[in-house]
Amino acid sequence: MLSTIRFVARHPVLRVYALLLFVSACAGGAMHPYMALVAIDTLHMSGQGFALTMFVSTLTSLVFGVTIGIVSDFAGNRKRLMAILMVLGVAGAAVIWLVPSAWMFALSLILVLPFANIAPLVFAGTRMEVAEMQPDEAASVNSIIRTTMSAAWVVIPVAVAFVLQSGGFGVMNVWLVTALLFAVCLGLVLLFLPDTARAGATQGGLAVYFSALKELAHPGIFLRLLAVSLIVAGEWLNGYLQTLVIKTTLGGSLSDAGFMASGVALMEIPFMLAWASGLRRLGAVNTILAGAALYGAYLVLMGSATAVWQVHALIPLAGAGAAALLSVPLSYFQDLFPGRPGLGTSLSPIEGFIGTGASAAIFAVGTHVTTYQGTAMIGAGVMLAAAVMLVAVERFVPRE
């Protein structure tokens, strides 16, 4: 693990990629926790309007995430493309700050800010930089780079809240902070990232793009994607349930819920590093299965808890499972398309879309027939079934 960290720190391109992912994740951490507050409380958007805006924005992000992943494999210069995305990020956040209205908020979130996602290019570029490594070693590097995103979410939401509250600034200023962070990303790209043109890059075009989409829909690929997405859905489901179980079911406070969320995010970092080290021995599939088992056990124990302290005691277990499910699936997807990391990376936004949709369905059905804790048990069952599905697909369904 330490050798992998040193490798990333000394590599001129990977070092910049890690910084880019950290700062761009800081931008996300600055705006995402306050979206509902800004839209409904400050800009007086209706709850239904906010929900519709977020849904359409999710669709836009999905389409763009898949497209940029495919395009990155034959992009003439990833540096130029990254710079364009960061300019859009600065513009999308700044326009909400300069023109604070519900319509501008909606338009920016749907048409501009989804394009400010540099992660697909970073992960595809990372895989290209370590193309000569064995797949498990390359996956370890991916995990180290991915850790920077969790580190950002541990630090930035608390820091932004402290600055806004102690300085007496309005909540709309989170968009100024976001624009400035995207501007820092732009500076990193322009000043420190070498030209990343790929010698002999594949020629692009609509025919290549639609051919890649057909490959993503191949049964051997889609069934693996579906299994991993349903496993990760358990983590998305916990995002809905955790606060409700702590506050509503167990009688805890918002501080108790905040402590749980921050504690799990903090624990994810060392566990991501540990999983990165263990990938060389376990492999991506076994690591995902181990993460599913740990996180499923966490959901079962949370569903059985009778006091808040019992849920807090599960922080290491939740952090260990979440670390595997957050960092390893990307490498698994990239291994499905050797030599074309962008195409593999494009599966990640699809995984997020399926995972969030499945978790919402589990939440809706579960809370209709049982309690919040019972719904956590159902989520654990879905994760177990998806893990069995992944094992079966790996054994009986060829990838090609």
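Is W175 buried or exposed, and what is its relative accessible area? In this predicted model, W175 is buried, because its relative accessible area is 0%, and a residue counts as buried when that value is under 20%. W175 lies in helix α9, which covers residues 174–192, and, leaving aside neighbours within four places in sequence, W175 is in contact with M31, M35, V38, A93, I96, W97, F105, L109 and L113. The chain also brings W175 and L98 together from positions that are 77 residues apart, with 9.1 Å separating their C-alpha atoms.

From W175 the reader can move on to the core around it. In soluble globular proteins, nonpolar side chains tend to be buried together. In this model the largest nonpolar core has 65 residues, and W175 is listed with L20, V38, M82 and F105 as the residues that have the most contacts inside that core. Helix α2, made of residues 12–31, gives the most to this core, with 13 residues. M82 offers another view of the packing: once its neighbours within four places in sequence are left aside, M82 is in contact with Y17, L20, I118, L121, V122, V189 and L193. A second core, separate from the one just described, has 55 residues, including L62, V285, A387 and L390.

Two of the contacts of M82, L121 and V122, are also among the buried residues of helix α7. Helix α7 spans residues 119–129 and is mostly covered, with nine of its 11 residues buried. Those buried residues are A119, P120, L121, V122, F123, A124, G125, T126 and R127, and they pack against several other helices, namely α2, α4 (47–72), α5 (78–98), α8 (135–167), α15 (315–335) and α16 (341–345).

R127 leads from packing to charge. The whole structure contains three salt bridges, and in one of them D335 is joined to R127, with the closest N and O atoms 2.2 Å apart. This pair links distant parts of the chain, since D335 belongs to helix α15 and R127 to helix α7, 208 residues apart. Both D335 and R127 are buried.

Another salt bridge is formed by R340 and E215, whose closest N and O atoms are 2.7 Å apart. R340 lies in the loop between α15 and α16, while E215 lies in helix α10 (residues 206–216), so this pair ties together parts that are 125 residues apart in sequence. R340 counts as partly exposed because its relative accessible area is 32%, and E215 is likewise partly exposed because its value is 26%. The side chains of E394 and R224 also meet in a salt bridge, at 3.0 Å from N to O. Here E394 in helix α18 (residues 372–396) is linked to R224 in helix α11 (residues 219–249), 170 residues apart. The two partners are covered to unlike degrees: E394 counts as partly exposed at 24% relative accessibility, whereas R224 counts as buried at 1%.

Aromatic rings provide a further set of links. A pair of aromatic rings is described by the distance of the centres and the angle of the planes. Six aromatic pairs are found in the whole structure, and one of them, formed by F64 and F115, is tilted, with 4.7 Å from centre to centre and 55° between the planes. Because F64 lies in helix α4 and F115 in the loop between α6 (102–111) and α7, the pair ties together parts that are 51 residues apart in sequence. F64 is buried, with a relative accessible area of 10%, but F115 counts as partly exposed at 28%. The rings of F363 and Y372 have centres 6.5 Å apart and planes at 10°, so that pair is stacked. F363 is partly exposed at 22% relative accessibility, as is Y372 at 26%, and these two residues form one aromatic cluster together with Y240.

Finally, attention can turn to the surface. L52, F55, L59 and F353 make a nonpolar surface patch of about 360 Å², and helix α4 gives the most to this patch, with three residues. L59 lies in helix α4 and counts as partly exposed because its relative accessibility is 32%. Helix α4 therefore takes part in several of the features described here, since F64 of the tilted pair lies in α4, as does L59 of the patch.

Key. Residues are numbered from 1 along each chain as its sequence is written. This is a predicted model: local features need pLDDT of at least 70, side-chain atom pairs count only at pLDDT 80 or more; totals for chains, interfaces and linings use all residues. Side-chain values use heavy atoms; hydrogens and water are left out. A nonpolar core is a set of buried Ala, Val, Leu, Ile, Met, Phe, Trp, Tyr and Cys residues joined through side-chain atoms within 4.5 Å. Buried means under 20% relative accessible area, exposed over 50%, partly exposed in between (1.4 Å probe, protein chains only). Helices (H or I, at least four residues) and strands (E, at least two) are DSSP runs, numbered from the N terminus. Contact means heavy atoms within 4.5 Å. Patches are made of residues with over 30% relative accessible area and no salt bridge: like charges are joined within 9 Å, nonpolar side chains (Val, Leu, Ile, Met, Phe, Trp, Tyr) within 5 Å. Accessible areas come from the Shrake-Rupley method with a 1.4 Å probe; for residues, only the protein chains shown count as cover. A salt bridge is a side-chain nitrogen of Lys or Arg within 4 Å of a carboxyl oxygen of Asp or Glu. Rings of Phe, Tyr and Trp (its six-membered ring) pair if their centres lie within 6.5 Å; planes under 30 degrees apart count as stacked, over 60 as edge-to-face and the rest as tilted.
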